[in-house]
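Colleague: I am new to this structure and would be glad of a close look at its interior. Please start from the chain as a whole and then work inwards.

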Amino acid sequence: EIRAGELTAQIVLTFPFPAEHLTLNRSNGVHWRTRKLLHDMWFNAVLVHAVKSRIRDLPPSNVQVHYTGIMVTDPENMALVTKWILDSLATGPKPPYGAGFWPDDNDTWVTVLPNTVERHRWPIQKRTVTITVTERE
């Protein structure tokens, strides 16, 4: 188990997309129940992988999210899913509580680096998300 002050290398979590990704462009036209369902599926999938890593109480960190196998050409269009991922990694002040990497996902604890996107190639490749956490200097 990694505790505060012990982050000496990067932490990498990689897993398949748990659900459809919701881009900022599409999010305005989606019914609230669909949006909540997608949020919960992403939140819970990230939570499972994060809890399995047995990591808690990290120092202030940089986080970068890399998406593979999608058609999005603008990495910032994935900001909504990235927010859901960060919500799941941080404990947060109210339920649902996250994995406890940090007490909160505010800028005191987390610096979000720009998302990166690797578009899918033919034949269609598996969609994955990779979360990389490094200690902030």
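Modeller: In the protein chain, the mean positions of the 15 positive and 14 negative charges lie 9 Å apart, where Lys and Arg count as positive and Asp and Glu as negative, leaving out His and the chain ends, and each charge is placed at NZ of Lys, CZ of Arg, CG of Asp or CD of Glu. This is a predicted model, in which local features need pLDDT of at least 70 and side-chain atom pairs count only at pLDDT 80 or more, while totals for chains, interfaces and linings use all residues. Residues are numbered from 1 along each chain as its sequence is written, and side-chain values use heavy atoms, without hydrogens or water.

The protein chain has three helices and five strands, which are DSSP runs numbered from the N terminus (helices H or I, at least four residues; strands E, at least two), and their order along the sequence is β-α-α-β-α-β-β-β.

Turning to the interior, 40% of the 137 residues are buried, meaning under 20% relative accessible area with a 1.4 Å probe and protein chains only. The largest nonpolar core, a set of buried Ala, Val, Leu, Ile, Met, Phe, Trp, Tyr and Cys residues joined through side-chain atoms within 4.5 Å, has 34 residues, and those with the most contacts inside it include Y67, I85, L89 and I131. Strand 1 (11-16), helix 2 (32-52), strand 2 (61-70), helix 3 (79-89) and strand 5 (128-135) each give two or more residues to this core. Beyond its neighbours within four places in sequence, I131 is in contact with I11, V12, L13, F15, V46, V63, Q64, I85 and L89, contact meaning heavy atoms within 4.5 Å.

Notes
Buried means under 20% relative accessible area, exposed over 50%, partly exposed in between (1.4 Å probe, protein chains only).
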